[in-house]
Structures are given as C-alpha cells and as structure tokens.
Amino acid sequence: QGQLVESGGGLVQPGGSLRLSCAASLNVFSVSPMGWYRQAPGKQRELVSRISTGGTTTYEDFAKGRFTISRDNTKNTVYLQMNSLKPEDTAVYYCHAFAFSYWGQGIQVTVSS
C-alpha cells in the first residue's frame, strides 16, 4: 500500500547476521504496533516478531534468542536484527502495521553457503 518500505535483505552464510529495516509514514508508525512476518517457499506466511507502540516485544519460538525487533520513533522505522541465521530462515520477510493491516512489499533473505 506504499506506506511501508523495507530494506536490508540479501544473501548471507549460515551463522551470519542481517538487519532488516522498515520505514513507515508518520501517521502509520506513531499509532500502530509493528511486526515482521516471513513466508518460505511452499509455506504459509508466519509471524516472526511484534513490537507495540510502547516498545513491548514478542517473538515466535524460532526467533527467540536470535532475532531482535526494535523501533526508532525519531525515524519512523522498525528494525529486525537477525543473528545466527540458519538455512531454514530463508524466506521473504514482510513488514506489517497491525493497526491498518498494511504490508510492505517483502524482501528476500537467503541463508546459504
């Protein structure tokens, strides 16, 4: 819907790190919980992590201890820091604004040697 713009994906070796960014318009970011989903080939889209407007975070089990979600209210941007990446993390990652049901365009993350 043009309100969310993702960046930061790419190809990384197993064990490596990537940081995804999602820039949102002010009217969206200031009032909406934000999150990251992912969709691997042949699989359903699944939630990775979510952050409230106040900074409270939740993670799916596969992301706990490896991924960190954060938001910078001065830049209207939400981040997903991904460490210790595994081949099974390969997917298209989507930014989501829960209050408006907006989705980003998706960004490819490939973990491969």
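# Strand 9 and its surroundings

Strand 9 is mostly covered, with 6 of its 7 residues buried. The model is a predicted one. Strand 9 pairs with strand 4, with strand 11 and with strand 10, and it holds Cys 95 of a disulfide. The points below take these pairings, the disulfide, an open sheet, the largest pocket and the segment after strand 11 in turn.

**Pairing of strand 9**

- Strand 4, residues 34-39, runs antiparallel to strand 9, and 6 bridges join the two.
- Within this pairing, Trp 36 has Cys 95 of strand 9 as its bridge partner.
- Strand 11 is also antiparallel to strand 9, and the pair is made over 3 bridges.
- Val 92 has its bridge partner in strand 11, namely Gln 108.
- Strand 10, residues 102-103, is joined to strand 9 by 2 bridges, again in the antiparallel sense.
- Here Ala 97 is matched with Tyr 102 of strand 10 as its bridge partner.
- Strands 9 and 10 form a hairpin with 4 residues between the strands, and in this hairpin Ser 101 takes a positive phi near 60°.

**Disulfide**

- The count of disulfides in the model is 1.
- The disulfide is formed by Cys 22 and Cys 95, whose sulfur atoms are 2.1 Å apart.
- The link of Cys 22 and Cys 95 is left-handed, with -80° about the S-S bond.
- Cys 22 belongs to strand 3 (residues 18-24) and Cys 95 to strand 9 (residues 91-97), so the link ties together parts that lie 73 residues apart in sequence.
- Cys 22 counts as buried because its relative accessibility is 0%, and the cut-off for buried is under 20%.
- Cys 95 is likewise buried, with a relative accessible area of 0%.
- Cys 95 therefore appears both in the disulfide with Cys 22 and as the bridge partner of Trp 36.

**Open sheet with strand 3**

- Strand 3, which carries Cys 22, is part of an open sheet of 4 strands in the order 1-3-8-7, with antiparallel pairing.
- The edges of this sheet are strand 1 (4-7) and strand 7 (67-72), each of which pairs on one side only.
- On average, neighbouring strands of the sheet are turned by 15° against each other, direction ignored.
- Strand 7 pairs with strand 8 (residues 77-82) over 6 bridges in the antiparallel sense.
- Ile 69 has Leu 80 of strand 8 as its bridge partner.

**Largest pocket**

- The largest pocket holds about 160 Å³ of space.
- Its lining consists of Arg 38, Gln 39, Ala 40, Pro 41, Lys 43, Gln 44, Glu 46, Glu 88 and Thr 90.
- By class, 4 of the lining residues are charged, 3 are polar and 2 are nonpolar.
- Arg 38 and Gln 39 are among the lining residues, and strand 4 covers residues 34-39.

**Segment after strand 11**

- Ser 113 is placed in the segment after strand 11 (107-111).
- Ser 113 is exposed, with a relative accessible area of 84%, where the cut-off for exposed is over 50%.
- From C-alpha to C-alpha, Ser 113 and Thr 53 are 37 Å apart in space, and they are 60 residues apart in sequence.

Definitions and conventions. Residues numbered from 1 in each chain as written. Predicted model: local features only at pLDDT ≥ 70, side-chain atom pairs only at ≥ 80, totals over all residues. Heavy atoms only, no water. 1 Å grid on protein atoms, 1.4 Å probe; cavity = no way out; pocket = protein on both sides within 12 Å on 5 of 7 lines; lining within 4 Å. Points joined across faces, edges and corners; volume = space filled by probe spheres on them. Nonpolar A, V, L, I, M, F, W, Y, C, P; charged D, E, K, R; others polar. Pairing = 2+ DSSP bridges. Axes fitted to C-alpha atoms, helices over the stretch in contact; angles between N-to-C directions. Disulfide = S-S within 2.5 Å. Buried < 20%, exposed > 50% of the residue type's maximum accessible area, 1.4 Å probe, protein only.
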